[in-house]
Amino acid sequence: MCGIVGLFLKDKTLEPELGAMLTKMLVTMTDRGPDSAGIAIYSNDSTGKSRIVVQSDTPEVDFVGLDVALGQVIGAPVSMRTASTHAVLLVPHGAIENARAALATVNPALRIMSRGDNLEIYKEVGLPKDVAARFGIEQMSGTHGIGHTRMATESAVTTMGAHPFNTGNDQCLVHNGSLSNHASLRRKLRREGIHIETENDTEVGAAYLTWQMQKGATLGQALESSLDDLDGFFTFVVGTKDGFGVVRDPIACKPAVMAETDRYVAFGSEYRALVDLPGIQEARVWEPEPAAVYFWSHTDQSTTEKVA
């Protein structure tokens, strides 16, 4: 019984409030999952850099000189900013895969939370209000984001077991439900060269979508394929560099509600996660249909893809 939230902003004037809005939505879902929590923020920052977010249990040791050491290995300048147990490493475009591989040499104890041009994931064990506070999520701005508060069923309560999961550049996923064929699919994806870090079933779902998109599928097509290839009960909310998508399994026993205005699109496991959003009284509110795909893109806000 996990809690999911998502927010896609159409109105740029809301971007400075993204972190605060997402935090409030996720805190409302605390009783659906008190084990761990995480939020993915897609930044509108045009630094011209790619970013890798890493986590350490001993940041006071591991983050000292990390940017310099990584820059020496990849032969390019690296800058860093830290927030509690997480550090954001800014690397030149085109260097993100080299930097990711080099981190295993520089400090194999570091855990990679996310990588991409705009994506930053912050997650830890603990209640949403505590996780959000330690990283200053309320002060963050951005174009869209997703969040999750977890009640563990398939794997241990750890930082790496928390959602969102990032398995491709600027791609992440949060999940409420349980996948029954994750073990066999994990083996298949690893044979296909897809990196999977944990034994969590949700990471397999994220990796499956990455695999499909690496083969040329759009996010909508990958989500449609998931309805055939993933067994179990699931509601997915997926973030990409340009937008976010939603899909529910054909039985759709996991709760979900959406709201749309001319300023935003919002997702919550329950309506109470949405009640404080601006203009919610005038929003179009609906329950996503079973076995249907929904997607919103900043490239074309007029398009909502729905595949029955």
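Two strands are taken as paired if DSSP finds at least two bridges between them. Helices (H or I, at least four residues) and strands (E, at least two) are DSSP runs numbered from the N terminus. By these criteria, strand β13 (residues 257-260) and β14 run antiparallel and are joined by four bridges. The model is predicted, so local features need pLDDT of at least 70 and side-chain atom pairs count only at pLDDT 80 or more, while totals for chains, interfaces and linings use all residues. Residues are numbered from 1 along each chain as its sequence is written, and side-chain values use heavy atoms, with hydrogens and water left out.

The pairing of β13 with β14 includes E260, whose bridge partner in β14 is V265. Three residues connect β13 to β14 in a hairpin. Strand β1 (residues 3-9) also pairs with β14, in the antiparallel sense and over five bridges. Here F8 has V265 as its bridge partner in β14. V265 is thus a bridge partner of E260 and of F8.

Burial was assigned from relative accessible area: buried means under 20%, exposed over 50%, and partly exposed in between, with a 1.4 Å probe and protein chains only. Strand β14 is mostly covered, five of its five residues being buried. In a regular strand, side chains alternate between the two faces of the sheet. In β14 both faces are covered: Y264, A266 and G268 are buried on one side, and V265 and F267 are buried on the other.

A further antiparallel pair consists of strand β4 (residues 79-83) and strand β5 (residues 86-92), joined by five bridges. Within this pair, R81 is matched with V88 of β5. The two strands form a hairpin with two residues between them, and S84 in the turn has a positive phi of about 55°.

Side chains of opposite charge can pair when their charged atoms come close. With a salt bridge defined as a side-chain nitrogen of Lys or Arg within 4 Å of a carboxyl oxygen of Asp or Glu, the structure holds 17 salt bridges. One of them joins K24 to D276, with the closest N and O atoms 3.6 Å apart. K24 lies in helix α1 (residues 18-28) and D276 in the loop between β14 and β15, so this pair ties together parts that are 252 residues apart in sequence. D276 is exposed, at 53% relative accessible area.

A salt bridge is also formed by E120 and R51, whose closest N and O atoms are 2.6 Å apart. E120 belongs to strand β7 (residues 119-125) and R51 to strand β3 (residues 49-55), so the contact ties together parts 69 residues apart in sequence. Both partners are buried: E120 has a relative accessible area of 5%, and R51 has 1% relative accessibility.

In the salt bridge between R186 and E199, the closest N and O atoms are 3.5 Å apart. This pair links distant parts of the chain, with R186 in helix α6 (residues 182-191) and E199 in the loop between α6 and α7 (201-214), 13 residues apart. R186 is buried at 4% relative accessibility, whereas E199 is partly exposed, with a relative accessible area of 48%. In addition, D31, R32, E270 and R272 are linked in a network of salt bridges.

Surface patches were assembled from residues with over 30% relative accessible area and no salt bridge, joining like charges within 9 Å and nonpolar side chains (Val, Leu, Ile, Met, Phe, Trp, Tyr) within 5 Å. Accessible areas come from the Shrake-Rupley method with a 1.4 Å probe, and for residues only the protein chains shown count as cover. Lys and Arg count as positive and Asp and Glu as negative, while His and the chain ends are not counted. Each charge is placed at NZ of Lys, CZ of Arg, CG of Asp or CD of Glu.

A negative patch is formed by E224, D228, D229 and D231. Of these residues, D229 is found in helix α8 (residues 219-229) and is partly exposed at 35% relative accessibility. A patch of positive charge gathers R187, K188, R191 and K215 on the surface, with R187 placed in helix α6. Y271, V275 and V285 make a nonpolar surface patch of about 230 Å². Y271 lies in the loop between β14 (264-268) and β15 (284-286) and is partly exposed, with a relative accessible area of 38%.
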